[in-house]
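This report takes the model from its interior outwards. The nonpolar cores come first, then the overall build, the aromatic rings and some single residues.

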Amino acid sequence: MQRDTAIFDLIQKERERQTKGIELIASENFVSDQVMEAMGSVMTNKYAEGYPGKRYYGGCQIVDQSETIAIERAKQLYGAEWANVQPHSGAQANMAVFMACMQAGDTFMGMDLNHGGHLSHGSPVNFSGLMFKAISYEVKEETGTVDYDMMEQRAMEGRPKIIIGGGSAYSRDWDWKRMREIADKCGALLMGDISHPSGLIAKGHLENAVKYCHIVTTTTHKTLRGPRGGMILLGKDFDNPWGKKTPKGEIKKMSQLLDSAVFPGTQGGPLEHVIAAKAVALGEALTDDYDRYIVQVMKNAKRMSECFMNKGYKVISGGTDNHLMLIDLRPKFPEMTGKEAENALVAADITVNKNMVPFDSRSAFKTSGLRVGTPAITTRGLKEDDMSVIVDMIDNVLCNFTNEDVIAKTRNTVNEMMQNRPLFAW
């Protein structure tokens, strides 16, 4: 068979892009060789609709074992009683929870997308906002932290079926205990979407949402440093509070309801090569070496946020408890948009993403902010002292964002800094 050079040439170019540059997108990371090996394995050939021991196809005896290992490792890592490792993404894990626990048109509440929430937490262009009625809570303008009093007030007024904690651009720990109290008070289920801080929570460096939430969803990439995919967790299984019926009778347990919502409710055959890679990544996350890694992620983020603030940038909430920070550019560069800043930095081989900031005066296509994270650069072996060097380069580019010579010189410096660093240094 002739090699598909059109695609493999692009793969090589993408490898070069990743290797040469500084990756600061908070939701990205670099996986180990063994995770990538599992992803590219013969497991991709096997169709396995259903769950271990209950498949609709023959020949699943091996993938049953692989998926079971992934489930058991996920449960061990988070202290959960039950896990489903089949969701293709975090958004599909969230969709399964919605389909299991609500009817179309029901009300739920999540963090406002413009304040750090996620697309699948109620955006009107997403299934969550299209199929269900979304209400939201926000952060306090003066502190940049979640307004739990607002959350409680809006929950009592709106009586949502589900309250979602978690976001995609929030740098502080979550008060899961307070949120559970609010959910219990208004009769809602509490769902924790821990996709971003998942690895920090797994090793006990942030509060474990599994202890307080009825249902927890997460991705397996980002800080968990695994393949792209999702999972659903239950700290404790519980009776289905709505008593939905199936052709065979009532589903009594939430685990059964969620299993059915993933398959056949929202997905067909699971990606068994991805599940094998999830198992490998979860195994890595159980090690002391991973704990040292995730501690370094947090140290790097803390140092980076301090460096930004020392240069006059506004970091929302005044710092970070996790792996990311959200930067409001307006106080230092009133006329610069997040899009312009992103483009200038990408040209210098420093990859970030533009992001809305709380109470933003610009649209989501332009934005007034940047989101920055440290998981990927930490995987490449960078430490605290490197953070000040990176922030100096970012500041130099943004102060001269139309100067092609400055951008080119910075790009050369970035390439020299990263040239002898493997993608995976742990």
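The largest nonpolar core in this predicted model has 49 residues. Six of them touch the most other members: Tyr78, Tyr137, Met151, Ile163, Trp174 and Met179. Several elements give two or more residues to this core. The helices are α3 (61-78), α6 (148-158), α7 (176-186), α8 (198-202), α10 (272-285) and α11 (288-310). The strands are β5 (107-111) and β10 (230-234). In soluble globular proteins, nonpolar side chains tend to be buried together.

Ile163 shows how such a member is packed. Leaving out residues up to four places away in sequence, Ile163 touches Met109, Met151, Ala155, Met179, Ile182, Ala183, Cys186, Ala188, Leu189, Leu190 and Met191. Two of these contacts, Met151 and Met179, are themselves among the six residues that touch the most other core members.

A separate core has 34 residues. Among them are Cys307, Val315, Met387 and Val414.

**The chain as a whole**

The chain has 15 helices and 17 strands. Its radius of gyration is 22 Å, close to the 22 Å that the globule rule gives for 426 residues, so the chain is as compact as a globular protein of that length. Along the principal axes, the C-alpha atoms fill a box of roughly 70 × 60 × 40 Å.

Buried residues account for 56% of the 426 residues. The exposed area of the chain is about 18300 Å², and carbon and sulfur atoms supply 50% of that area. Among contacts between residues at least 6 apart in sequence, 71% join residues at least 24 apart.

**Aromatic rings**

How many aromatic pairs does a search of the whole structure find? It finds twelve. A pair of aromatic rings is described by the distance of the centres and the angle of the planes. For Trp174 and Trp176, the centres are 5.9 Å apart and the planes are at 25°, so the pair is stacked. The cut-off for stacking is an angle under 30 degrees. Both partners are buried: Trp174 has a relative accessible area of 8%, and Trp176 has 2%. Trp174 also belongs to the largest core, as one of the six residues that touch the most other members.

Elsewhere, ring pairs link Phe98, Phe108, Phe127 and Phe132 into a cluster.

Two arginines sit over phenylalanine rings. The charged end of Arg3 is over the ring of Phe8, 3.9 Å from its centre. The charged end of Arg380 is over the ring of Phe30, 6.0 Å from its centre.

**Single residues and their surroundings**

The table sets out five residues by place and relative accessible area.

| Residue | Place | Relative accessible area |
|---|---|---|
| Glu67 | helix α3 | 1%, buried |
| Lys222 | loop between β9 and β10 | 10%, buried |
| Ser317 | loop between β13 (314-315) and β14 (324-328) | 17%, buried |
| Cys399 | helix α14 (residues 384-399) | 42%, partly exposed |
| Gly204 | loop between α8 and β9 (215-219) | 59%, exposed |

Is Glu67 buried or exposed? At 1% relative accessibility, Glu67 is buried. Which residues is Glu67 in contact with, leaving aside neighbours within four places in sequence? They are Tyr51, Pro52, Arg55, Val85, Gln86, Pro270, Glu272 and Ile275.

Gly204 is exposed. Gly204 and Tyr78 are 126 residues apart in sequence and 9.0 Å apart in space, C-alpha to C-alpha. Tyr78 is a member of the largest core.

Cys399 is partly exposed. Cys399 and Met109 are 290 residues apart in sequence, and their C-alpha atoms are 40 Å apart. Met109 is one of the contacts of Ile163.

**Backbone exceptions**

Most residues other than glycine have a negative phi, and most peptide bonds are trans. Three places in the model depart from this pattern. Lys222 has a positive phi of about 50° although it is not a glycine. Ser317, also not a glycine, has a positive phi of about 75°. Lys222 is in a loop, and so is Ser317. Lys222 is buried at 10% relative accessibility, and Ser317 is buried at 17%.

The third place is a peptide bond. From Phe263 to Pro264 the bond is cis, with omega near 10°. Pro264 lies in helix α9 (residues 254-266).

Key
Residues are numbered from 1 along each chain as its sequence is written. This is a predicted model: local features need pLDDT of at least 70, side-chain atom pairs count only at pLDDT 80 or more; totals for chains, interfaces and linings use all residues. Side-chain values use heavy atoms; hydrogens and water are left out. Rings of Phe, Tyr and Trp (its six-membered ring) pair if their centres lie within 6.5 Å; planes under 30 degrees apart count as stacked, over 60 as edge-to-face and the rest as tilted. Buried means under 20% relative accessible area, exposed over 50%, partly exposed in between (1.4 Å probe, protein chains only). A charge sits over a ring if NZ of Lys or CZ of Arg is within 6 Å of the ring centre and within 35 degrees of the ring normal. Helices (H or I, at least four residues) and strands (E, at least two) are DSSP runs, numbered from the N terminus. The radius of gyration is taken over C-alpha atoms; the globule rule is 2.2 Å times the number of residues to the power 0.38. Contact means heavy atoms within 4.5 Å. Accessible areas come from the Shrake-Rupley method with a 1.4 Å probe; for residues, only the protein chains shown count as cover. A nonpolar core is a set of buried Ala, Val, Leu, Ile, Met, Phe, Trp, Tyr and Cys residues joined through side-chain atoms within 4.5 Å.
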